[in-house]
Amino acid sequence: MNAAVLHTLGKPPRFEAFPEPVPGNDEVVVQVRASALKPVDKQMAAGSHYASPRELPVICGIDGVGRLEDGARVFFAAPRRPYGAMAERTVVHRSRCWPVPDGVDDVSAAALVNPGMSAWLSLTWRAKLVRGETVLVLGATGVTGRLAVKVAKLLGAERVIAAGRNSQALESLRSLGADVVVPLGDPQSLPQAIGEAGIDIILDYLWGRPTEALLAVLTRNDFAAVHSRRTRLVQVGESAGPTIQLPAAVLRSSALEILGAGSGAVPPMGVIRSTYDELLARAGGGELRVDTGQVPLGEIEPAWDRAVPSGRRLVVICGG
């Protein structure tokens, strides 16, 4: 079979032949149809992610959409290494294959599930969003950030502040439910947006300098005196940098709590599955979608580092 095979960390995968997968106990072979090329896929292939492979070669891709031997159409996640999702076929534990409803096509499901689940579970499982709260999405113009704005509104957030570095893409977030949009290039925009109302939840897809600037605002004397409410910062991504300077006073002088969303904070399978079902039902009803572009599996190497417009997800077409 053909696949996107990674031989060297930091280099794009190559389209080439790879041995066929053989299923073990409770595993199934999936005929892959589509797999989204996500930032996490690139980070893992670059060796910069905590889950990057230690043994090579491997096939890239952590999830996708395909068909089982009985014809069932499924979304699948976490193929057994060295197999991955960007291949004509892969092998996955049966419990990690979930049905895709007829109203959601392969490309849409492949693009939506990973970022949609991340946004939904970050708000519900990690931040414990309560209806009527205020949510700030830091890094709102990317695929997951855009979904987070919409999901926050669907879950009952009263006020959603969308902050991002792409000022042109920010304005489009109003149609998704953003009450306020904040260009991060303006040093006064964040204090003005937060105002006296304060913030209950921060979903942080940036980290680095933007997060440092936000924390400086939240712990300023004039803000801390007014905003005594509990603020939960959920750290999800690091597109602006992997580290920050965190003064001890930030935590001692405020009601700020910092949480992480990732493999170290995985909810029970029942929660994951119910969230998946809700997400796909919303997608089938037209409430959630991702702007996509498509590329054939055979063109994976030149497409790997291709610039994609903010808010769009490239989907690798692995089979018909």
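This report walks through the fold, one pocket, a few backbone oddities and the cysteines of the structure above.

**Overall build**

Please keep in mind that what you see is a predicted model. The protein contains ten helices and 16 strands. Along the principal axes, its C-alpha atoms fill a box of roughly 65 × 40 × 35 Å. Its radius of gyration is 20 Å, which agrees with the value near 20 Å that a compact globule of 320 residues would have. Half of the chain is tucked away, in that buried residues make up 50% of the 320 residues. If you look at contacts between residues at least 6 apart in sequence, 72% of them join residues at least 24 apart.

**The second largest pocket**

If you are looking for a pocket to explore, the second largest one holds about 240 Å³ of space. It is lined by 14 residues, and R146, L176, R289, V290 and D291 lie nearest its centre. By character, the lining divides into six charged, five nonpolar and three polar residues. Helix 3, which spans residues 143–154, gives the largest share of this lining, with four residues.

**A283 and its surroundings**

A283 sits in helix 9, which runs over residues 269–284. Is A283 buried or exposed? Its relative accessibility is 14%, so A283 counts as buried, the cut-off for that class being under 20%. Once neighbours within four places in sequence are set aside, A283 is in contact with V104, L112 and L288. L170 is another matter: 113 residues away along the chain from A283, its C-alpha atom is separated from that of A283 by 22 Å.

**Backbone features to check**

Most peptide bonds are trans, and most residues other than glycine have a negative phi. Four places in this model depart from those habits, and the table gathers them.

| Site | Feature | Value |
|---|---|---|
| L56 and P57 | cis peptide bond | omega about 5° |
| R81 and P82 | cis peptide bond | omega about 15° |
| D26 | positive phi | about 60° |
| K128 | positive phi | about 55° |

Loops host each of these sites. P57 is placed in the loop between helix 1 (39–46) and strand 4 (58–59), while P82 belongs to the loop between strand 6 (73–77) and strand 7 (89–93).

As for the positive phi angles, D26 is found in the loop between strand 2 (14–17) and strand 3 (27–37). With a relative accessible area of 52%, D26 is exposed. K128 lies in the loop that links helix 2 (106–126) to strand 9 (134–138). At 44% relative accessibility, K128 counts as partly exposed.

**Cysteines without partners**

How many disulfides does a search of the whole structure find? The search finds zero. Why does C60 have no bond to its closest cysteine sulfur? That sulfur, in C318, is 11 Å from the sulfur of C60, which is too far for a bond, since a disulfide needs the two sulfur atoms within 2.5 Å. C97 also has its closest cysteine sulfur in C318, and here the separation is 15 Å, so this pair is too far for a bond as well. Both C60 and C97 are shielded from solvent by the accessibility criterion: C60 counts as buried at 6% relative accessibility, and C97 counts as buried at 12%.

How values were computed
Residues are numbered from 1 along each chain as its sequence is written. This is a predicted model: local features need pLDDT of at least 70, side-chain atom pairs count only at pLDDT 80 or more; totals for chains, interfaces and linings use all residues. Side-chain values use heavy atoms; hydrogens and water are left out. On a 1 Å grid over the protein atoms alone, a cavity is a set of points where a 1.4 Å probe fits but cannot get out, and a pocket is an open set with protein on both sides within 12 Å along at least five of seven lines; lining residues have an atom within 4 Å of a point. Grid points are joined across faces, edges and corners, and a volume is the space filled by probe spheres set on the points. Helices (H or I, at least four residues) and strands (E, at least two) are DSSP runs, numbered from the N terminus. Ala, Val, Leu, Ile, Met, Phe, Trp, Tyr, Cys and Pro count as nonpolar, Asp, Glu, Lys and Arg as charged, and the others, Gly among them, as polar. Buried means under 20% relative accessible area, exposed over 50%, partly exposed in between (1.4 Å probe, protein chains only). Contact means heavy atoms within 4.5 Å. The radius of gyration is taken over C-alpha atoms; the globule rule is 2.2 Å times the number of residues to the power 0.38.
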